[in-house]
Structure formats: structure tokens, C-alpha cells
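Reader: I would like to learn how to read a few local features of a model, beginning with the backbone and moving on to packing. Could you take me through them one at a time?

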Amino acid sequence: MSGSNPVARVGTGIAGLDEMLGGGVPAGHVVLVTGLPGTGKTCLGLQFLAAGLAHGERGLFLSLEEDAPQLVESARLFGWPVEEAVRTGALTILRLDPKETRQNLQRIQGSFAKELAASGAKRIVVDSVSLLNMLGEDEPAKRQTLFGLAGACRASGATAILTAEADPTHPAVTRDGLSEYVADGVILLGYSTAEDGRRVGLSLRVLKMRRTAHARTVQPYRIGPGGLTVDAKAVDFGSGL
Ligand SMILES: Nc1ncnc2c1ncn2[C@@H]1O[C@H](COP(=O)(O)OP(=O)(O)OP(=O)(O)O)[C@@H](O)[C@H]1O
Ligand SMILES: [Mg+2]
């Protein structure tokens with residue numbers, strides 16, 4: 001964060017997370033957000049895009065899970081009305097049907113980079129690469145898809161968030177164990193259980209973020225009416241439970 005030519009930052013829309021990152025995600029990064037179901041991966045992706053739209057930055061949401069009306073409704077419930085942005089093209093929601101394996105793989109490996117450029121998106125969200133990976137027949141094919149996707153995001157010059165399911169038995173790594181290697185940064189969303197065993201809170205840590213210093217602590221966060229809020233100052237999980 002020092003030096004005469006500091007890296008440009010992209011605000012995530014989550015003040016506490018930006019604080020942990022020294023001001024935001026370095027521009028142009030491909031950042032993996034991994035966590036168990038319900039930890040807020042889709043919400044974080046929408047929040048990231050909504051923050052961009054608020055600054056006039058176009059966004060693209062590539063969804064393999066929820067369809068466009070569901071995503072628009074989720075965003076609306078969090079207080080980010082994106083209908084207008086979808087109508088004007090400021091926000092593009094692309095829904096890939098996981099059943100259409102061959103067409104989807106061809107699209108990611110072929111025309112996706114052009115589609116990204118055409119959308120003019122400054123922020124990209126892919127939710128989730130775990131489902132995308134399931135399309136690949138074997139390990140080399142999965143790698144090729146992931147590297148192709150990350151490469152297309154980088155070539156577009158946009159800043160990207162890829163979400164991935166965490167491995168239920170080892171929640172600090174993704175289910176496929178691949179995605180973390182293609183990403184410039186990894187943010188881990190997880191559950192933390194209070195000592196009494198009756199309260200479960202949410203906690204976040206930044207596992208890696210290339211080209212910047214970042215917090216290495218585990219910080220509590222909540223999902224509320226305005227999306228995720230991270231308490232970057234808390235030293236005790238009590239505040240997150
Ligand atoms: N409008 C809302 N207000 C407050 N909290 C909400 C709201 N919508 C969702 N949540 C919380 O967010 C959680 C789901 O968040 P989200 O769908 O982003 O998780 P996810 O990590 O994407 O899950 P999955 O892996 O199943 O896709 C819910 O379980 C709920 O706790
Ligand atoms: Mg989700």
C-alpha cells in the first residue's frame with residue numbers, strides 16, 4: 001500500500017471488507033469467493049455489482065444457479081433495485097443452463113471473451129464456478145474451462161468475482177480444489193459456532209490477494225437488509241454471533 005504508484009482499487013460495496021483489503025480489490029483481479037451454502041456468496045456478488053452500478057460501472061452476472069428473475073428479486077430485497085439497469089443494459093444477466101454442457105463449454109472457451117467486451121462490463125460475477133466445473137468431463141477439461149474463464153475476465157480488463165462451493169469436510173478449500181489456483185485472490189466465507197454450541201455466526205477471511213497487503217484475521221460478518229456487513233475491527237467473535 002506504500003510506494004509512489006499504488007495499485008488502483010475497486011470497492012466491493014462492503015466497507016469492512018474494503019478495509020481488510022486496504023481499500024478494495026486491486027483493479028483487474030479475478031477473486032474467488034468460497035463458502036458453504038448460505039454463507040452469502042450470491043449476495044456478495046450482487047452487492048459487488050450494485051456498488052459498481054451506483055458509480056455508473058456496467059456489470060455482468062453469469063449465473064449457473066439462480067435465474068435472472070430470482071437474482072433481480074434478491075437484489076431488490078437487499079435494497080438494490082436493478083430492474084432499470086437490466087432494462088438499459090447497464091447490467092447483463094447471462095443464465096447458463098447446466099444441462100446444456102457442450103454449448104456452454106463452447107461458449108466459455110469461444111465467444112465469451114467477445115461477449116464480455118461487448119457488454120462493456122467493468123465488474124463480472126460468475127456464480128458458481130463449481131457448477132461450471134461439473135460440466136467438464138475430466139480434470140484437464142475442468143482446468144481448461146476455468147483458465148479460459150479467468151483469462152477472458154482478465155482480457156476484458158474488468159474486475160471479477162468467481163464464487164465456488166467450499167468442500168463440506170474441509171471448508172477452507174473449494175470442492176474442486178482447482179479454483180483457488182486460477183484466482184488472484186481468495187476470500188473465505190464460513191460459519192463459526194459459539195462456545196455454547198447454540199449460536200452460529202458468520203466469519204470471513206482473506207486467504208490471498210495478489211499485489212496488496214491485507215488483513216489475515218478472521219472477522220465476523222452479517223447478512224442483513226442491506227447485504228453483507230463485515231466488522232473489520234472486532235477482535236472477538238462475540239460481536240458476530
Ligand atoms: N433479504 C435478506 N435479508 C437478510 N438476510 C438474507 C436475505 N436474503 C438472504 N439472506 C441470508 O443470506 C443467506 C443466503 O445467502 P446467499 O444465497 O447469498 O448464499 P450462498 O452462499 O450463495 O448460498 P448457496 O451456496 O446455497 O448458493 C440466507 O440463508 C439468509 O441467511
Ligand atoms: Mg448462491
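Reader: Which residue just after H2 takes a positive phi?

Author: In this predicted model, the residue is Gly56, which follows just after H2 and has a phi of about 75°. A positive value also occurs in a residue other than glycine, namely Arg211, whose phi is near 65°. Arg211 is found in the loop between strand E9 (200-209) and E10, and it counts as exposed because 11 other C-beta atoms lie within 10 Å, where the cut-off for exposed is 12 or fewer.

Reader: Where is there a cis peptide bond?

Author: The cis bond joins Asp127 and Ser128, with an omega of about 0°. Ser128 itself has its place in the loop between strand E6 (123-127) and helix H7 (129-135).

Reader: Returning to H2, how many residues does the helix have, and what does it reach from its first C-alpha to its last?

Author: The span of a helix can be set beside the value expected at 1.5 Å a residue. H2, which covers residues 41-54, has 14 residues and reaches 20 Å, close to the 20 Å expected.

Reader: Is H2 largely enclosed by the rest of the structure or not, and why?

Author: Burial is judged by counting C-beta neighbours, and a residue with 20 or more of them within 10 Å is called buried. Of the 14 residues of H2, 12 are buried, and the helix is therefore largely enclosed by the rest of the structure. The buried residues are Lys41, Thr42, Leu44, Gly45, Leu46, Gln47, Phe48, Leu49, Ala50, Ala51, Gly52 and Leu53.

Reader: How do the axes of H2 and H3 cross, and which residues meet there?

Author: A helix pair can be described by the approach of its axes, by their crossing angle and by the residues in contact. The axes of H2 and helix H3 (residues 68-77) come within 10 Å and cross at roughly 75°. An angle from 65 to 115 degrees counts as roughly perpendicular, so H2 is roughly perpendicular to H3. By class, the contact has 4 nonpolar, 2 polar and no charged residues. On the H2 side the contact involves Thr42, Leu46 and Ala50, which meet Leu71, Ser74 and Ala75 in H3.

Reader: How would the same description run for H5 and H8?

Author: Helix H5 (residues 101-109) and helix H8 (residues 139-156) have axes that come within 9 Å and cross at roughly 45°, and the two helices are therefore oblique to each other. Leu105, Ile108 and Gln109 in H5 meet Thr145, Gly148 and Leu149 in H8, and these residues divide into 3 nonpolar, 3 polar and no charged.

Reader: How many residues surround ligand 1, and which are the closest?

Author: A ligand shell can be read by its members, by the elements that supply them and by their classes. Around ligand 1 there are 14 residues, of which the closest are Pro37, Gly38, Lys41, Thr42 and Cys43. H2 and strand E10 (219-224) each supply at least two residues of this shell, and the largest share, 3 residues, comes from H2. The classes are 6 nonpolar, 6 polar and 2 charged residues. Among the closest residues, Lys41 and Thr42 are also listed as buried in H2.

Reader: Turning to contacts between residues far apart along the chain, is Met20 buried or exposed, and which residues does Met20 touch?

Author: Met20 lies in helix H1 (residues 15-20) and counts as buried because it has 22 C-beta neighbours inside 10 Å. Leaving out residues up to four places away in sequence, Met20 touches Val206, His214, Ala215, Gln219, Val230 and Ala232. The C-alpha atoms of Met20 and Ala213 are separated by 9.0 Å, although the two residues are 193 residues apart along the chain.

Reader: Is Pro26 buried or exposed, and with which residues is it in contact?

Author: Pro26, in strand E2 (residues 25-26), is buried, with 21 other C-beta atoms within 10 Å. Beyond its neighbours within four places in sequence, Pro26 is in contact with Val7, Arg9, Arg211 and Thr212; one of these, Arg211, is the residue with the positive phi near 65°. From Pro26 to Arg9 the C-alpha separation is 4.5 Å, with their positions 17 residues apart along the chain.

Reader: Is Ala8 buried or exposed?

Author: Ala8, whose place is in the segment before strand E1 (9-10), is exposed, with 12 other C-beta atoms within 10 Å. Ala8 and Gly23 are 15 residues apart in sequence, and their C-alpha atoms are 9.2 Å apart in space.

Methods. Residues numbered from 1 in each chain as written. Chains lettered and ligands numbered in written order. Predicted model: local features only at pLDDT ≥ 70, side-chain atom pairs only at ≥ 80, totals over all residues. Helix = DSSP H or I, 4+ residues; strand = E, 2+ residues; numbered from the N terminus. Expected span 1.5 Å × (residues − 1). Axes fitted to C-alpha atoms, helices over the stretch in contact; angles between N-to-C directions. Parallel < 35°, antiparallel > 145°, perpendicular 65-115°, else oblique. Contact = placed C-beta atoms within 7 Å. Nonpolar A, V, L, I, M, F, W, Y, C, P; charged D, E, K, R; others polar. Near = placed C-beta within 6 Å.
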